[in-house]
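Welcome, and thanks for taking a look at this one. Please have the sequence and the coordinates open while you read the notes below.

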Amino acid sequence: MTKISKNVQWQHIQVSRQDREKQNEHRSCIIWLTGLSGAGKSTLAQALDLYLFEQGMRSFVLDGDNVRHGLCGDLGFANDDRVENIRRVGEVAKLFLDAGVIVIAAFISPFKQERDRVRALVADRDFIEVYCECPLTVCERRDVKGLYKKARSGDIANFTGISSPYEVPESPEIIVNTHAQAIDECINDIVAYLSFGGYLDKNL
């Protein structure tokens with residue numbers, strides 16, 4: 001259970017999320033990209049962020065590796081550390097949400113319970129789960145960072161898909177087949193969802 005610091009009070013924010021959304025001319029939300037290592041999450045996140053930026057929208061990428069250089073630099077990859085990693089990221093994503101930003105979070109986030117906990121932090125429709133579907137064989141063949149080779153040789157313990165499980169999302173808002181679709185097609189699928197759902201409506 002998450003500990004709550006003593007002797008602190010929640011400070012009322014004078015500029016509301018709604019005020020920021022009106023200024024930005026789009027709704028804020030959390031786009032949570034989940035999938036195996038090598039499934040293309042980071043590549044898709046960066047490309048989506050660039051697309052939104054070029055359209056004049058406020059967005060920001062929270063990337064798994066980048067976060068572990070600072071905020072979560074004290075964590076390893078045992079199950080408890082993975083849970084804490086996602087908890088911290090969820091809280092940061094929530095802050096960005098309140099700042100009126102479209103948050104693009106790219107994390108393996110292998111456990112359904114932890115993804116659901118992030119979803120539960122925010123209001124309905126604020127959390128958009130995107131499953132980057134890609135077969136393990138394809139991810140291993142790509143092995144962009146050489147991690148699968150190390151995991152197979154025993155140099156990396158608790159590696160998702162090899163020695164640690166990945167729980168496939170049961171009902172994600174969006175599924176992109178990153179092994180079969182081009183990046184532009186994946187972006188189109190996500191943007192279509194945002195447009196249809198009114199997230200990009202300027203008349204807020």
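Which residue's side chain meets that of Arg17 in a salt bridge? The partner is Glu21, with 3.0 Å from N to O. Before going further, please note that this is a predicted model, in which local features need pLDDT of at least 70, side-chain atom pairs count only at pLDDT 80 or more, and totals for chains, interfaces and linings use all residues. Residues are numbered from 1 along each chain as its sequence is written, and side-chain values use heavy atoms, with hydrogens and water left out.

**Salt bridges**

A salt bridge here is a side-chain nitrogen of Lys or Arg within 4 Å of a carboxyl oxygen of Asp or Glu. The structure holds 13 of these salt bridges, and three of them are set out in the table.

| Pair | Closest N to O |
|---|---|
| Arg17 and Glu21 | 3.0 Å |
| Lys145 and Asp65 | 2.7 Å |
| Arg87 and Glu84 | 2.9 Å |

Helices (H or I, at least four residues) and strands (E, at least two) are DSSP runs, numbered from the N terminus. Arg17 and Glu21 sit 4 residues apart in helix 1 (residues 17-24), about one turn of the helix. Both residues are buried, where buried means under 20% relative accessible area, exposed means over 50%, and partly exposed is in between (1.4 Å probe, protein chains only).

The bridge between Lys145 and Asp65 has a 2.7 Å N to O distance. Lys145 belongs to the loop between helix 6 and helix 7 while Asp65 is in helix 3, so this pair ties together parts that are 80 residues apart in sequence. Lys145 is partly exposed at 48% relative accessible area, and Asp65 is partly exposed at 38%.

Arg87 and Glu84 are 3 residues apart in helix 4, which puts about one helical turn between them. Arg87 is partly exposed at 31% relative accessibility, as is Glu84 at 22%. Beyond such pairs, salt bridges with shared partners join Arg17, Glu21, Arg27 and Asp126 into one network.

**The largest pocket**

On a 1 Å grid over the protein atoms alone, where a 1.4 Å probe is fitted, a pocket is an open set of points with protein on both sides within 12 Å along at least five of seven lines, and lining residues have an atom within 4 Å of a point. Grid points are joined across faces, edges and corners, and a volume is the space filled by probe spheres set on the points. By that measure, the largest pocket holds about 690 Å³ of space. Its lining has 32 residues, and those nearest the centre are Ser37, Lys41, Asp65, Ile108 and Lys145. Two or more lining residues come from each of helix 2 (41-54), helix 3 (64-67), helix 4 (79-98), helix 6 (136-142) and helix 7 (147-152).

The lining divides into 14 nonpolar, 10 polar and 8 charged residues. In this count, Ala, Val, Leu, Ile, Met, Phe, Trp, Tyr, Cys and Pro are nonpolar, Asp, Glu, Lys and Arg are charged, and the others, Gly among them, are polar.

**Nonpolar cores**

A nonpolar core is a set of buried Ala, Val, Leu, Ile, Met, Phe, Trp, Tyr and Cys residues joined through side-chain atoms within 4.5 Å. The largest core has 34 residues, and Ile31, Leu33 and Ile190 have the most contacts inside it. Helix 8 (183-196) is among the elements that supply at least two residues of this core, and helix 8 gives the most, with 5 residues. Counting heavy atoms within 4.5 Å as contact, Ile190 is in contact with Ile31, Leu33, Leu44, Leu48, Val130 and Ile174, leaving aside neighbours within four places in sequence. A second, separate core of 16 residues includes Ile30, Val67, Cys72 and Phe127.

**Loops worth a look**

Gly35 lies in the loop between strand 1 and helix 2 and is buried, at 0% relative accessibility. Gly35 and Tyr131 are 96 residues apart in sequence, yet their C-alpha atoms are 6.0 Å apart.

Most residues other than glycine have a negative phi. Ser109, in the loop between strand 3 (102-106) and helix 5 (112-121), has a positive phi of about 35° and is buried at 4% relative accessible area. Arg125, in the loop between helix 5 and strand 4 (127-133), has a positive phi of about 80° and is partly exposed at 35%.
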